[in-house]
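Here are a few exercises to work through with the sequence and the model open side by side. Try each task yourself before reading the solution below it.

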Amino acid sequence: MGGPAEFGASKVQTNGRGPNVNHATTAPGPPVATVRPSTSIPSRIVTLVAVLVPPLGVLSAIGVLWGVAVRPVDLVMLVVLYVATGLGITVGYHRLFSHKSFKTTPAIRGLFAVLGSMTIQGPVTQWVTDHRKHHALSDREGDPHSPHGHRDGLFGGLRGFLHAHMGWLITTKGMERGRRYGRDLYDDPVVRRIDRLYMLWVVLSLGVPFAVGYAVDPTLRGGLTGLVWGGLVRIFLFHHMTWSVNSICHTFGRRPFATDDESRNNWIIALPTFGEGWHNNHHAFPGSAIHGLGRRQVDMSWWTIRLLERLGLAWDVKVPAAERIARRAGAQATPST
Ligand SMILES: [Zn+2]
Ligand SMILES: [Zn+2]
């Protein structure tokens with residue numbers, strides 16, 4: 001799926017309301033590399049269980065601890081901060097900074113960069129360069145977080161899952177940080193300033209829920225309860241949801257577009273990731289601001305971009321032309337799993 005040259009080279013028109021803006025997604029191909037074989041069925045099952053069980057455990061904990069160590073204000077903070085910081089990743093880090101799928105003001109770029117930093121997934125330059133490398137080498141040698149091509153059988157599947165979901169964070173994350181995949185970001189003073197202050201956003205991400213929890217119940221326990229639910233649990237949940245795009249959405253789901261990787265559309269992941277689970281659509285049209293291309297494909301990140309556009313705060317919004325979507329969908333799509 002296109003090398004780094006593609007990220008700023010799309011043919012764009014302004015005011016993309018509906019599928020009427022042409023977007024060039026066929027940039028020159030990536031370096032030649034061997035396609036990795038896809039993962040076996042047992043490994044897919046392991047992936048599904050390991051990703052879905054921990055968040056279900058958190059939901060159980062809320063039920064068990066309700067009224068004891070969870071207050072309504074904690075859940076409100078959990079939801080509000082999950083949505084706000086999550087959009088910082090999906091709209092900001094991903095669609096704005098990684099793929100340049102729309103343009104906006106420096107203040108809004110800064111806001112999305114700060115909100116994304118508050119998910120504690122790394123500074124903008126690190127996240128974006130890793131992600132652009134993922135698109136350049138999807139499921140091939142050099143992809144920072146492919147679940148495929150590790151080993152066969154249950155052990156190999158588990159290994160592939162662990163690598164795609166979390167293992168890559170301590171092995172390959174940040175390896176591509178630099179101008180090769182991120183020249184535009186290093187030339188952007190807003191991004192550079194916010195990246196330099198990364199630790200401040202981390203402290204804020206934990207400090208805000210502590211302060212609100214303390215304001216409601218001015219004891220150490222009040223502050224810590226806010227910190228746990230509005231900070232730690234919220235970060236844990238969104239981490240897993242984001243990593244699920246790398247692991248589950250390259251393993252389970254439908255492939256309406258015959259991309260040269262293992263990307264898949266998965267509605268279960270699309271909901272808590274605000275549309276990022278329409279991952280096969282995204283690999284087919286990486287520069288598109290909209291990922292939910294189907295009528296019932298909920299895409300909250302796209303709604304956010306449309307809202308900004310209607311407010312006059314976003315422009316040059318890229319969406320693929322309807323004919324182009326139809327043409328690609330008709331071209332040898334592989335069966336769903
Ligand atoms: Zn992918
Ligand atoms: Zn992407």
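## Exercise 1: The chain as a whole

Of the 337 residues in the protein chain, 47% count as buried. The model is a predicted one.

**Task.** Find how many helices and strands the chain has, and work out where the pLDDT falls below 50.

**Solution.** Start with the secondary structure: the protein chain holds 13 helices and two strands. Next, look at the contacts with a separation of 6 or more: 71% of them join residues 24 or more positions apart.

Now turn to confidence. The average pLDDT of the protein chain is 80, and 73% of the residues score at least 70. Below 50 you will find residues 1–40, a stretch that still has 93 contacts in the model beyond near neighbours in sequence. Residues 333–337 are also below 50, with nine such contacts. Where pLDDT is low, the predicted coordinates should not be read in detail.

## Exercise 2: Helix α2

**Task.** Compare the span of α2 with the expected value, and locate its kink.

**Solution.** First, the length: α2 has 27 residues, and 36 Å separate its first C-alpha from its last. At 1.5 Å a residue, 39 Å would be expected, so the span is close to that value.

Then follow the axis. A kink of about 30° is centred on G92. Just after α2, K100 takes a positive phi of about 50°.

Finally, check the surroundings: 19 of the 27 residues of α2 are buried, leaving the helix mostly covered.

## Exercise 3: The largest nonpolar core

**Task.** Which residues of the largest nonpolar core touch the most other members, and which element gives the largest share?

**Solution.** The core has 49 residues, and V124, A289 and I305 touch the most other members. Elements that give two or more residues to this core include α2 (72–98), α4 (124–136), α9 (220–247) and α12 (300–310). The largest share, ten residues, comes from α2.

Take I305 as a closer example. Leaving out residues up to four places away in sequence, I305 touches V91, R95, F102, A289, A314 and V317.

## Exercise 4: Three residues, buried or partly exposed?

**Task.** Decide for Y82, L293 and A321 whether each is buried or partly exposed, then find a partner for each that is distant in sequence.

**Solution.** The cut-off to keep in mind is 20 or more other C-beta atoms within 10 Å for a buried residue.

- **Y82.** This residue is in helix α2. Y82 is buried because 20 other C-beta atoms lie within 10 Å. Its C-alpha is 7.0 Å from that of F238, 156 residues away along the chain. Beyond residues up to four places away in sequence, Y82 touches R234, L237 and F238.
- **L293.** Look in the loop between α11 (279–284) and α12. With 25 other C-beta atoms within 10 Å, L293 is therefore buried. W278 is 15 residues from L293 in sequence, and their C-alpha atoms are 8.2 Å apart. Setting aside neighbours within four places, L293 is in contact with W278, N281 and I325.
- **A321.** This one sits in the loop between β2 (314–315) and α13 (322–329). A321 has 15 other C-beta atoms within 10 Å, so the residue is partly exposed. From A321 to S288 is 33 residues in sequence and 10.0 Å in space, C-alpha to C-alpha.

Notes. Residues are numbered from 1 along each chain as its sequence is written. Chains are lettered from A and ligands numbered from 1 in the order in which they are written. This is a predicted model: local features need pLDDT of at least 70, side-chain atom pairs count only at pLDDT 80 or more; totals for chains, interfaces and linings use all residues. A nonpolar core is a set of buried Ala, Val, Leu, Ile, Met, Phe, Trp, Tyr and Cys residues joined through C-beta atoms within 7 Å. A residue is buried if 20 or more other C-beta atoms lie within 10 Å of its own, exposed if 12 or fewer, and partly exposed in between; C-beta atoms are placed from the backbone. Helices (H or I, at least four residues) and strands (E, at least two) are DSSP runs, numbered from the N terminus. Two residues are in contact if their C-beta atoms, placed from the backbone, lie within 7 Å. The bend at a residue is the angle between axes fitted to the seven residues ending there and the seven starting there. pLDDT is the predictor's confidence in each residue, from 0 to 100.
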